[in-house]
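Q: I am new to this structure and would be grateful for a close look at a single part of it. Please concentrate on the charged side chains there and on their surroundings.

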Amino acid sequence: MAENPIRYSIIEEKNPREILMLRGKGCAWKRCTFCDYHLDASLDEAENFKINLAEIEKVTGKYHHLEVINSGSFCELDADTMDAIRRKCKEKAIHTIHFETHWMYRRKIRELRDFFGEIGTTVKVKIGVETFDEAFRETVFQKGMPHATAEDIASYCDEVCLLFGITGQTVDSMRQDMETGLAHFERVCVNIMVANTTNIVPDEAVIRLFKENLYNDYKDDPRVDILLNNTDFGVGGEENA
C-alpha cells in the first residue's frame with residue numbers, strides 16, 4: 001500500500017461513478033494469502049473518521065452514483081463514517097452506492113440495504129470470491145468461504161471480484177470463472193495479480209494467457225471491469241506520485 005494513497009477518484013468509462021477508498025479498523029479475516037490491502041487500517045476511529053470525512057466531502061454527485069471501498073468490509077467502517085456517507089448520499093441525490101464485504105458478514109447486508117434505503121439510495125454489494133473453484137479458493141487463496149456456491153453467494157451479493165494471474169490457473173478455468181460470474185451477478189470485476197508484500201507472486205505466463213485469450217472477449221462488456229493494475233480505478237496510488 002502507498003503511504004499516502006489517493007482516496008477519491010471518478011470512473012468515467014463503464015458504469016460511471018465516483019469512488020472512495022476509505023480507512024476502517026481493518027479486515028477481520030486477514031487470511032487471504034494474496035492480500036496486503038488490510039495494511040490500510042487503524043484502530044483509531046477518530047483519526048479514521050477525520051481521514052474519511054475529508055474524502056467524503058469531495059463527492060460531487062456528478063453521476064449520482066458512488067462506490068466505497070476499504071481494506072475489509074463495509075461494517076469495519078466506523079459509525080460516524082457511515083453516517084457521513086449517508087448524509088452525502090442524501091445531499092447529492094446518490095441513487096446507487098456500492099460497498100464491499102467478506103462472506104462472514106453476509107447476514108449484515110440487509111441492515112446495510114435498509115440503512116441507505118431509508119433515504120432512497122440503492123445498495124449494491126460486491127464480494128471478492130477470486131474464483132468459483134472451491135478447492136482453489138480455499139486452499140490457495142484461503143478465502144474463508146467453505147462450500148459457498150455461486151448461487152449461495154448471489155443470494156446475498158450483487159457483484160463479484162475475480163483474481164487472475166496465479167500459478168495453476170488456465171484459460172479454461174479463468175473463462176469458467178468469468179462465465180459463472182456473468183451468469184449469476186450483475187457485474188464482474190477482474191483483478192490481475194500484481195506484486196505486493198505477500199508470498200503470492202504474479203505468474204506472468206498466466207497473465208499472458210489472460211491477455212491473449214480472454215481480455216479482448218470481455219474488455220468491452222459493459223458489465224465487466226478489468227483492472228490490469230490495482231490502481232486502475234484511480235485510487236490506491238501515491239497521492240503525490
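**Charged side chains of helix α2**

A: In this predicted model, Glu 118 counts as exposed, with a relative accessibility of 61%. Its side chain forms a salt bridge with Arg 86, and the closest N and O atoms of the two lie 2.7 Å apart. This bridge links distant parts of the chain: Arg 86 belongs to helix α2, whereas Glu 118 sits in the loop between α3 (109-117) and β5 (122-130), and 32 residues separate the two. Arg 86 itself is partly exposed, at a relative accessible area of 21%.

A second salt bridge joins Lys 88 to Glu 91, with an N to O distance of 3.4 Å. Both residues are in helix α2, and because they are three residues apart there, about one helical turn separates them. The partners differ in exposure: Lys 88 is buried at 4% relative accessibility, while Glu 91 is exposed at 52%. The whole structure contains 18 salt bridges.

Helix α2 also takes part in a patch of negative charge on the surface, where Asp 44, Glu 45, Glu 47, Asp 80 and Asp 83 gather. Two elements, α1 (45-56) and α2 (79-91), each give two or more residues to this patch. One of the patch residues, Asp 83, is located in helix α2. With a relative accessible area of 31%, Asp 83 is partly exposed, and it can belong to the patch because a member must have over 30% relative accessible area and no salt bridge.

How values were computed
Residues numbered from 1 in each chain as written. Predicted model: local features only at pLDDT ≥ 70, side-chain atom pairs only at ≥ 80, totals over all residues. Heavy atoms only, no water. Patch = residues over 30% accessible without salt bridge, like charges linked within 9 Å, V, L, I, M, F, W, Y side chains within 5 Å. Areas by Shrake-Rupley, 256 points an atom, 1.4 Å probe, with all protein chains shown as cover. Salt bridge = Lys/Arg side-chain N within 4 Å of Asp/Glu carboxyl O. Lys, Arg positive; Asp, Glu negative; His and termini not counted. Charge placed at Lys NZ, Arg CZ, Asp CG, Glu CD. Helix = DSSP H or I, 4+ residues; strand = E, 2+ residues; numbered from the N terminus. Buried < 20%, exposed > 50% of the residue type's maximum accessible area, 1.4 Å probe, protein only.
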